Amino acid sequence: QVQLVESGGGLVQAGGSLRLSCAASGRTFSTYAMGWFRQAPGTEREFVAGIRWTGGSTSYADSVKGRFTITRVNAKNTMYLQMNSLKPEDTAVYYCGAGGALSARLENYTYWGQGTQVTVSS
């Protein structure tokens with residue numbers, strides 16, 4: 001069992017930066033692949049970035065490549081999403097998930113946090 005809590009969201013102007021954190025409970029955190037997804041009003045939850053349990057392999061949605069960086073520190077049971085050059089279209093609730101393998105597919109993630117709101121003003 002893994003419990004996830006996101007933090008770090010907020011309101012930022014276009015071009016600004018935010019760093020999201022996902023804190024996990026449970027001693028098995030390091031065995032899970034982790035991912036960030038986001039959901040804007042009226043849309044489906046979409047993949048943003050993912051990272052393998054070792055941290056050695058990552059994956060990004062095309063829309064965030066070069067702007068967002070996903071990392072994890074297993075010793076702290078924490079995953080991060082550094083978001084730079086933010087755009088108004090990045091506005092959404094951001095969720096972290098834990099699953100068995102690095103994947104962009106929603107159904108491959110077993111555990112989810114409650115989400116943190118990111119709002120980017122133009």
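A polar contact is a pair of N or O atoms within 3.5 Å, where, within protein, one atom must be able to donate a hydrogen and the other to accept it, and where residues adjacent in sequence count only if both atoms are side-chain atoms. The model is predicted, so local features need pLDDT of at least 70 and side-chain atom pairs count only at pLDDT 80 or more, whereas totals for chains, interfaces and linings use all residues. Residues are numbered from 1 along each chain as its sequence is written, and side-chain values use heavy atoms, with hydrogens and water left out.

**Exercise 1.** Work out which backbone oxygen the side chain of Thr78 reaches, and whether Thr78 counts as buried or exposed.

*Solution.* Begin with the place of Thr78, which is found in strand S8, residues 78–83 (strands are DSSP runs of E of at least two residues, numbered from the N terminus). The side chain of Thr78 reaches the backbone oxygen of Lys76 at 2.7 Å. Thr78 counts as buried because its relative accessibility is 11% (buried means under 20% relative accessible area, exposed over 50%, and partly exposed in between, with a 1.4 Å probe and protein chains only).

**Exercise 2.** Establish which residue lies 68 residues from Met34 in sequence and 6.9 Å from it in space, C-alpha to C-alpha.

*Solution.* Met34 is in strand S4, residues 33–39, and it is buried, with a relative accessible area of 0%. The residue sought is Leu102. Leaving aside neighbours within four places in sequence, the residues in contact with Met34 include Cys22, Phe29 and Arg72 (contact means heavy atoms within 4.5 Å); Thr78 also touches Cys22, Phe29 and Arg72, among others.

**Exercise 3.** Classify the ring pairs that Phe37 makes with Phe47 and with Trp112.

*Solution.* A pair of aromatic rings is described by the distance of the centres and the angle of the planes. Rings of Phe, Tyr and Trp (its six-membered ring) pair if their centres lie within 6.5 Å, and planes under 30 degrees apart count as stacked, over 60 as edge-to-face and the rest as tilted. The structure holds five aromatic pairs. For Phe37 and Phe47 the centres are 5.5 Å apart and the planes stand at 75°, so the pair is edge-to-face; this pair links strand S4 with strand S5, 10 residues apart. Phe37 is buried at 1% relative accessibility. For Phe37 and Trp112 the centres are 5.2 Å apart with the planes at 75°, so this pair is edge-to-face, and it links strand S4 with strand S10 across 75 residues. Trp112 is partly exposed, with a relative accessible area of 25%. Finally, Phe37, Phe47, Tyr109 and Trp112 form one aromatic cluster.

Notes:
Helices (H or I, at least four residues) and strands (E, at least two) are DSSP runs, numbered from the N terminus.
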